[in-house]
Each structure stands twice: as structure tokens, then as C-alpha cells.
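Me: I have just opened this model and would like a close look at a single part of it. Could you walk me through that part slowly, as you would for a newcomer?

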Amino acid sequence: MKYCQICGGEKVEIHHIIFRSEASYLANLPINFKYLCFKCHRGKKSPHFSKEVDFKFKRELQDKLYNIFKGKKYYGEEDIKNLLNISISEVLRVVNPLKIYKEGYYIEDIILRLLGGRLYLEPYEVEIKNLMEKFM
Ligand SMILES: [Zn+2]
Ligand SMILES: [Zn+2]
């Protein structure tokens, strides 16, 4: 039995951290699931109501992905299958539009794709990024 990942309540629903409307190819990936009770899923402090909560969940997913994919810059389809514990057909849906290099798929491309096509940065990180781009 699953409990709400926020309040511990019973009767949970599956929330897709990256919404199905944002990336339908992530709809069946467990890493994109969050189990929430009705109130935490649809109430005032829920990701469907509060932009801050939505951002927080997405940022947590981003951090999790950077933890899973670390140590290497490139990953093959088998690597991704094992790291995410998903079927090869799900892997192929994810990597389908990505450029494949001779070493495999590039880590940043994989993570971006698993986040629905964008990164979730805090305002200070956006500033740093802009500064770096300016001086490079
Ligand atoms: Zn709850
Ligand atoms: Zn939801």
C-alpha cells in the first residue's frame, strides 16, 4: 500500500511531476510519479494549484536525475534502461529525438528530455548562467 509522499495520508493518486500535457512520453515512467492524497494532489498547496509546489517537485526530480546520471557523460540504451528501471521500448520513446554520439546519448540531452525539455533553475542560478554566457 502506498501513502501520500507529503502528508502520509492514505488513498493516493499518481501525480505526474512533469505533467502529461507537458511530455506524454513520460507518462509511464515511475521516476516521474509522485503518490499524493487528494488534498495534496488537488488542494491549495498542490502542484496543480501552486506554481511554487510544482516548481519544487520538478526541481527535486531534476536533482534526482543528476544523482542517477553521474560519473559518465554518455549513456547507452541499456544504461538508461537499468538506471531508470524501465523497459527498452520506454527507453526508445525517451531517446527517440536525441542525437546519438558514438559513445551514446549525452547526459545533458537525456536529463533535459526527462524533464520535458527544460531545466528548473532557481533565480540565482539563472543569473549565474546569464553572466557566464556573457563572458564566454
Ligand atoms: Zn497528502
Ligand atoms: Zn497530478
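What follows is my request and one connected reply.

Me: Please look closely at helix 3 (77–84). Which residues does helix 3 bring to its meeting with helix 4, and at what angle do helix 3 and helix 4 pack?

Reply: Happy to help! One thing to keep in mind throughout is that this is a predicted model.

Let's begin with the whole protein, to see where the helix belongs. The protein has 136 residues, and 19% of them count as buried. Its C-alpha atoms fill a box of roughly 45 × 40 × 25 Å along the principal axes. There are six helices and five strands, and along the sequence they follow the pattern β-β-α-α-β-α-α-β-β-α-α. Among contacts with a separation of 6 or more, 57% are between residues 24 or more positions apart.

Now for the approach to your helix. Helix 2 (51–68) is followed by a loop that leads to strand 3 (74–75), and G71 is found in that loop. G71 is exposed, because it has just 5 other C-beta atoms within 10 Å, where 12 or fewer count as exposed. G71 and V91 are 20 residues apart in sequence, and their C-alpha atoms are 20 Å apart in space.

Next comes the pairing you asked about. Helix 3 brings E77, I80 and K81 to the meeting, and helix 4 answers with I88, V91 and V95. The two helices pack at an angle of about 115°, with 9 Å between their axes. Helix 3 is therefore roughly perpendicular to helix 4, since angles of 65 to 115 degrees count that way. The crossing of helix 3 past helix 4 is right-handed.

Between these two helices lies a loop that holds N85. N85 has a positive phi of about 55°, although it is not a glycine. Is N85 buried or exposed? It counts as exposed, because it has 10 C-beta neighbours inside 10 Å.

I80 deserves a closer look. Leaving out residues up to four places away in sequence, I80 touches Y75, V91, V95 and I110. V91 and V95 are among the helix 4 residues that helix 3 meets. I80 also belongs to the largest nonpolar core, which has 16 residues; Y75, I80, I110 and L114 have the most contacts inside it. Helix 2, helix 3, helix 4 (88–95) and helix 5 (107–114) each supply at least two residues of this core.

From here we can follow the surroundings into a sheet. Three strands form an open sheet in the order 3-5-4, with antiparallel pairing. Strand 3 and strand 4 (100–101) are the edge strands, each pairing on one side only. Strand 4 and strand 5 (residues 104–106) run antiparallel and are joined by two bridges. Across this pair, Y101 stands opposite G104 in strand 5. Helix 5 packs on the sheet, touching strand 3 and strand 5, and its direction makes about 70° with that of strand 5.

To put your helix back in its setting: helix 3 packs against helix 4, and I80 touches residues including Y75 and I110.

Technical notes: Residues numbered from 1 in each chain as written. Chains lettered and ligands numbered in written order. Predicted model: local features only at pLDDT ≥ 70, side-chain atom pairs only at ≥ 80, totals over all residues. Buried ≥ 20, exposed ≤ 12 C-beta atoms within 10 Å, placed from the backbone. Core = buried A, V, L, I, M, F, W, Y, C linked by C-beta atoms within 7 Å. Contact = placed C-beta atoms within 7 Å. Pairing = 2+ DSSP bridges. Axes fitted to C-alpha atoms, helices over the stretch in contact; angles between N-to-C directions. Parallel < 35°, antiparallel > 145°, perpendicular 65-115°, else oblique. Left-handed = near helix turned anticlockwise from the far one by under 90°.
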